[in-house]
Amino acid sequence: MDNILAFGAASDQAGRVDGLFVMITVIGGFFFFLTQGMLIYFAVKYRRRLPGRDNETPAITGSPLLEFLWILIPSIVVVVIFYYGWRVYTDQRIPVAGATEVYVNARQWMYEIKYPDGRTAINEIRVPAGRPVKFILSASDVLHGFYLPDFRVKMDMIPGRVTTLWVQPERPGSYQIYCTVYCGTGHSNMLARLIVMPQGDYAEWVEHGGGEGGEHEPLAVRGERVAKNAGCLSCHAVGGAEKVGPGWKGLFGSNVPLEGGKTATADEEYLRESIVDPGAKVVKGFPNVMPTYKTTLSKEDIDAVVEYLKTLK
Amino acid sequence: MSAPPSGHSDPRVAFETAKLGLWTFLATEVLLFGALFTAYTVFRVKYPALFQSEHLKLNRVLGTLNTVVLITSSLTVALGVEAIRRGKARLLEKYYGVTVLLGAVFLCVKYIEWTEEFHHGLYPGTNIFFSLYFMMTGLHGIHVLLGMGVLSYVIVLSRRGRLSEAWYTPAELSGLYWHFVDLVWIYLLPLLYLIG
Amino acid sequence: MAEEIRSGRGYLAERGWRSWAYTMDHKRIGVMYLYTTIAFFFVGGIFALLLRLELLSPQAMYFSNHTYNVFFTLHGAMMIFLFVIPAIPSGLGNFFIPLHIGARDVAFPRINLASYWVFVAGFLVVIGSLVSPMDTGWTFYTPYSAKTGAAVTTLSLGIFLIGMSSILTGLNFIVTIHKLRAPGMTWHRMPLFIWGMYATSIIQVVATPVVGVTFLLLAMERIFGVAFFDPAKGGDPVLFQHFFWFYSHPVVYVMILPAMGIISEVIPVFSRKPIFGYNAIAYSSLAIAFLGFLVWGHHMFTSAMSPLANAIFSFMTFFVAVPTAVKVFNWIATLYKGSITFEAPMLYALTFIFLFAVGGLTGPFLGALATDVQLHDTYFVVAHFHYTMMGGTVMGFFAGLHYWFPKMTGKMLNEKVARVAWALVFIGFNVAFFTMFIAGVRGMPRRYAEYLPKFHVENVISTIGAAILAAGIAVMFWNFLQGLRKGTPAPGNPWRALTLEWKTPPVPITENFHEIPVVTDWPYGYGKVEGPPA
């Protein structure tokens, strides 16, 4: 769902922010065209007509009345804008009663989601349409940001502190989440999605333990899905390129040179270890920055990812 | 190197100019320490219990001793400036010499205090109180050292016969600076050592 | 002195590197600062072009993301600390403040020379830190800057030194303006450039120590593990932001006030009319300096400050806009019934007003709380500050360079080439930066090495604009070089201006004036004027 300029608001709150935006644009535009129009008009009208000879210029050094007016009027205008901005903001900060709470913890470079019933996810938050949801934000390592452009809201995620943000999404859809506080190499790959589901679909999803995929989903297909959702693809490319981490194409079964001179064979055990204890063997030439998935991926999910890697020849 | 052309040949105006320069510099120093005092306030409000328990680990005897030392050194520096106002260069050198000595005593006592604290496992990284303590007293100590350097330089100028009752600007300015350094300590002492 | 007059080379007569390295002539010190800061403008600009090159593609194309992140950090840090802040004050200010007030030099010439060499030491340390370049962004937010392996500690020391240079310069100017004005030059007969520089110097002296402590604390955290910003030890990472912005917001006024001072000089000269509202412009500089200290929190509306604190900062932020707007109105009123010509200095001055208006009028979006929450940390902010810092300060700097080139060098610039450069700069700048407003509103975050495909078009357009802008700057500086080498000899007062620097020979002598002038009038008596305002 894209928003060209200030439209495409995904909630009533966002619509109010857009209203403020339009107001400031109109006021700013008015003063811009007024002043710059006069600038251009004066520059043209009062240009020197005869080369080498000045026009006669009058003895005007100022006007106390004009000074008073152009101090007073902008002061009033800015107070109005301040007030409107403050009111819309205050509404934004006070969560509506009965909001579902979702915990979002940021770490380099992913969002760890935890629902009140204990379900977890990575980089994907599912909520029902038409009901308020409050995000409880924190960070494990450095500052991160949580930005939902379609809702016109953002909040920093600060280690050692909890911050909150609430929205009431009205329309089902998939909305972008960006990290907006610089947090290191993976900052621009730290993307997530807010998936707003119709209330019926949401209820069904909650009941069936969350997660797509049927009971007979092939392990490799599941692995591809997990790899996408767990943020692996932020740092690992599947097509042969190199990002923050080594590429996965042709990885399974190959001989991997390690920091410190040794080599390892990328078999199932090596891959499993790389996911739960990434610092144990670091590939030569790559930084030791991969976070561990020991607590975030189940054993089945890890096996699925390994199966997926086998398909990337 | 001859003196650069200055805007005013009138020595009184030149003196006022130099003093304005020093006061402006002292304003920057107020902001420098002010930032740390602000941090102190912020954390004190946030962790009153920590400040209460940790400040007792400081050596108040040595802190008080150092205060006496610095206040005395302000007295001697003032007497030194007064001396050169009356043209007594040798007396200036004596008083300034004592001041530098007192500054050295201050730093030695500080050294003893810090060593004692390290011995008890209290380091800048230990907790926020000690981060503040070491940063603030450390920055202050650097200023004491710089002040000693400036005062020594004034003694050298005087020994070369450059100062007299007609011109003693370096003495006046260095005296002002030293009073400022003393004043910062007078704020540091209660905030760090005394308030529970 | 005799040799300077006889040869016509004035303060430039004495040759040899020692006559520059050990000089205490404020004009030579100013020239050294100009060359140094302009060199960093080019280095920072090359980083910018590399960034725009990479941003042609949504995915990493020419460099890794880490390299991109280093480039934007260096672009920002170098441009701000090594160019935009020092260029006008330490460059043009050093050269022209004593001349403007009828003095022979600044109050403390030795400290002036020291400030230059401390600046050099600072930038050498900064360059030294490039052995392990950092990617923190020029804002160095903790905890990342405290934890990252790069040479942040070294860079902190470098910035500390550059800050000291800034403080020494500001201190010198304050005392100079108070004490060294020529007989008869009351405060209300000073050129408006001096008022602007005075307000700037006050900010430098008050704000810079705080950033010095900030970087000191960052270094201490990295070396000794002090706890100020470390959440694990009870510290607060957001405290770093408070300290950092307490300086870095007022410093944007250090950047803009001198440029505004230049505009206040150029507009009356090229309109042949007195400046409209001298008192308003003079006092608004002081008002901006004062109010500028009360708004730093508007960089932190999403950093978990209390809603009350946010409201106060938002309210104050709107008020600092008012004295700024007042200046714009007064400059435009100066044009009314003038006799306007469009030489390069005037073209840049008018461009300043136009582009700074865009920058300034996009400020309310960021000062208003609700819209700031949307636009903070997006390309909207990047566009806003480039319009104010480059469309404002740098255009003002260009205006000053073109205006004062004849006085500094004794040569005239090629006006036609200057106008070609101006056109390229104006068009390139708007194409490069206006699209960023749109990208920001559509949600593109800043400091992104890679971006989603939906932002592709804006980024390509912006890069094309950057290329045009770079071409214009290249033509401009080529024109400066040509002017230095074979410009036609300049008269003493090619613009028929009334401020005191134009009463000297084409190239001023080292002592500036044979005799200190006695001032009887304000310097804006153009046209039929019956005296300064009451």
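# Exercises on the chain interfaces

Of the two pairs of chains in contact (heavy atoms within 4.5 Å), chains A and C share the most contacts. We're working with a predicted model, in which local features need pLDDT of at least 70, side-chain atom pairs count only at pLDDT 80 or more, and totals for chains, interfaces and linings use all residues. Residues are numbered from 1 along each chain as its sequence is written, chains are lettered from A and ligands numbered from 1 in the order in which they are written, and side-chain values use heavy atoms, with hydrogens and water left out.

## Exercise 1: confidence

Look up the scores of the model, then those of chains A and C.

*Step 1.* The model comes with ipTM 0.93 and pTM 0.91.

*Step 2.* Take pLDDT next (the predictor's confidence in each residue, from 0 to 100). Chain C has a mean of 95, with 99% of its residues at 70 or more. For chain A the mean is 88, and 95% of its residues reach 70 or more.

*Step 3.* Now go element by element in chain A; helices (H or I, at least four residues) and strands (E, at least two) are DSSP runs, numbered from the N terminus. Helix α4 (residues 219-229) of chain A has the lowest mean pLDDT of these elements, 83, and strand β6 (residues 144-148) of chain A the highest, 97.

## Exercise 2: chain A against chain C

Describe the contact between chains A and C, from area down to atom pairs.

*Step 1.* Start with who takes part: 78 residues of chain A and 90 residues of chain C.

*Step 2.* Get the area. Interface size is often quoted as the accessible area lost when the parts come together. Here the buried area (accessible area, 1.4 Å probe, that two parts lose on being put together, summed over both) is about 7,200 Å², and carbon and sulfur atoms account for 67% of it.

*Step 3.* Count salt bridges (a side-chain nitrogen of Lys or Arg within 4 Å of a carboxyl oxygen of Asp or Glu). The rule finds three between chains A and C. One of them pairs Arg272(C) with Asp54(A), with the closest N and O atoms 3.5 Å apart.

*Step 4.* Do the polar contacts: N or O atom pairs within 3.5 Å, where within protein one must be able to donate a hydrogen and the other to accept it, and residues adjacent in sequence count only if both atoms are side-chain atoms. You should get 25 residue pairs across the interface of chain A and chain C, both residues at pLDDT 80 or more.

*Step 5.* Map the chain A side. α1 (12-45), α2 (64-93), β7 (153-157) and β9 (173-178) of chain A each supply at least two residues to the side that touches chain C. α2(A) gives the most, with 15 residues.

*Step 6.* Sort that side of chain A by class: Ala, Val, Leu, Ile, Met, Phe, Trp, Tyr, Cys and Pro are nonpolar, Asp, Glu, Lys and Arg charged, and the others, Gly among them, polar. It splits into 43 nonpolar, 23 polar and 12 charged residues.

## Exercise 3: where chain B sits

Work out which chain holds chain B, and through which elements.

*Step 1.* Get a feel for chain B: it has six helices and zero strands, and its C-alpha atoms fill a box of roughly 60 × 30 × 25 Å along the principal axes.

*Step 2.* Rule out chain A: chains A and B do not touch, and their nearest C-alpha atoms are 14 Å apart.

*Step 3.* Turn to chain C, where 33 of its residues meet 30 residues of chain B. Chains C and B bury about 2,800 Å², 81% of it on carbon and sulfur atoms. Lys179(C), Val213(C) and Phe228(C) supply 19% of the area that chain C buries against chain B, more than any other three residues.

*Step 4.* Check the specific pairs: zero salt bridges between chain C and chain B, and three residue pairs in polar contact, both at pLDDT 80 or more.

*Step 5.* Map the chain C side. α5 (109-128), α7 (152-179), α8 (192-224) and α9 (237-248) of chain C each give two or more residues to the side that touches chain B. The largest share, nine residues, comes from α8(C). By class, this side of chain C has 24 nonpolar, four polar and five charged residues.
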